[in-house]
Amino acid sequence: MILIGFMGSGKSTVAHSLGERMNLPVIDLDKEVVRMTGMEIPEIFKAEGEAGFRKREQEALVQIGGARCIVATGGGVVTYEPSCKLLENMEVPVVYLHADFETLYARIKNDSNRPLVKSREQVRALYEQRLRIYRKTADHEIDCSASVEQVVSSILRIG
Ligand code: S3P
């Protein structure tokens with residue numbers, strides 16, 4: 001299963017909880033990129049720009065391939081066409097964790113480890129651009145403004 005969604009949607013937390021419940025390994029794509037490059041995310045953005053980061057993210061996705069696991073992606077993975085295609089062609093459900101902008105912004109606004117969190121208006125523009133792509137890419141949409149337990153239960157009900 002692959003979790004997609006905007007920053008702050010709880011992809012990593014939900015993935016870990018799902019992994020325990022489903023007895024499956026969990027892969028956090030951001031952590032894979034950090035492991036593979038030996039650099040932290042803000043450093044990658046600084047050295048290689050967003051384009052470099054997206055390429056790294058796609059390489060990490062290719063490595064995961066069709067492994068039986070829960071994957072928590074980074075919020076922008078769907079903005080890079082080759083990564084988006086990989087996600088669409090994987091034979092596992094892609095689940096979009098959705099919440100409204102204000103809920104997500106409140107969760108991420110003070111995080112210095114996310115280079116794309118700049119002004120509120122910039123983050124809102126990103127959110128609005130991406131909404132359509134998340135919905136196009138996912139097989140299922142789950143409301144992630146609820147508690148982690150509720151989100152996990154809703155995902156488990158998908159089957
Ligand atoms: C990004 C989201 C981050 C991380 C990077 C870029 C984005 O992951 O991949 O900072 O473009 O939305 P999270 O969604 O886990 O914060």
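Okay, let's start with a bit of vocabulary: two strands count as paired if DSSP finds at least two bridges between them. Keep that in mind as we look at this one, which is a predicted model.

So, an example of a bridge. Take V95: its bridge partner in β5 is H140. That bridge belongs to a pairing we can name, because two bridges are enough for a pair, and β4, residues 94-98, pairs with β5 over four bridges, in the parallel sense.

Now zoom out to the whole sheet. How many strands are in it, and in what order do they run? There are five, ordered β2-β3-β1-β4-β5, and the sheet is open with parallel pairing. Which strands sit at the edges? Those are β2, at 26-28, and β5, at 140-143. Each of the two has a single partner strand, so one side of each is left without a neighbour in the sheet. And if you go from one strand to the next, the twist averages 25 degrees.

Right, on to the helices. When two helices pack, people describe them by the angle between their axes and the distance between those axes. I've got three pairs for you.

Pair one is α2, residues 29-37, with α3, residues 41-64. Their axes are 10 Å apart, and the packing angle is about 110 degrees. That makes α2 roughly perpendicular to α3, because angles from 65 to 115 get that label. Who's touching whom? On the α2 side you'll find L29, D30, E32, V33, V34, M36 and T37, and they meet I41, I44, R56, E57, E59, A60 and L61 of α3. Sort that contact by class and you get eight nonpolar residues, one polar and five charged.

Pair two: α5, residues 101-108, and α6, residues 120-137. Here the angle is about 130 degrees and the axes are 11 Å apart, so α5 and α6 are oblique to each other. The crossing of α5 past α6 is right-handed. From α5, F101, L104 and Y105 meet R120, V123, R124 and Y127 of α6. That contact has five nonpolar residues, two charged and no polar ones.

Pair three is α1, residues 11-22, with α7, residues 148-158. These axes come within 10 Å and cross at roughly 55 degrees, so this pair is oblique too. Again, α1 passes α7 in a right-handed crossing. The residues involved are T13, V14, S17, L18 and R21 from α1, plus V148, V151, V152, I155 and L156 from α7. In this contact, seven residues are nonpolar, two polar and one charged.

Last stop, the ligand. Which residues are around it? Here they are: M7, K11, D30, I41, G74, G75, G76, R114, P115 and L116. By class, that shell splits into four nonpolar, three polar and three charged. You may recognise two of those names: D30 of α2 and I41 of α3 also turned up in our first helix pair.

That's my tour, thanks!

Terms used. Residues numbered from 1 in each chain as written. Predicted model: local features only at pLDDT ≥ 70, side-chain atom pairs only at ≥ 80, totals over all residues. Near = placed C-beta within 6 Å. Nonpolar A, V, L, I, M, F, W, Y, C, P; charged D, E, K, R; others polar. Axes fitted to C-alpha atoms, helices over the stretch in contact; angles between N-to-C directions. Parallel < 35°, antiparallel > 145°, perpendicular 65-115°, else oblique. Left-handed = near helix turned anticlockwise from the far one by under 90°. Contact = placed C-beta atoms within 7 Å.
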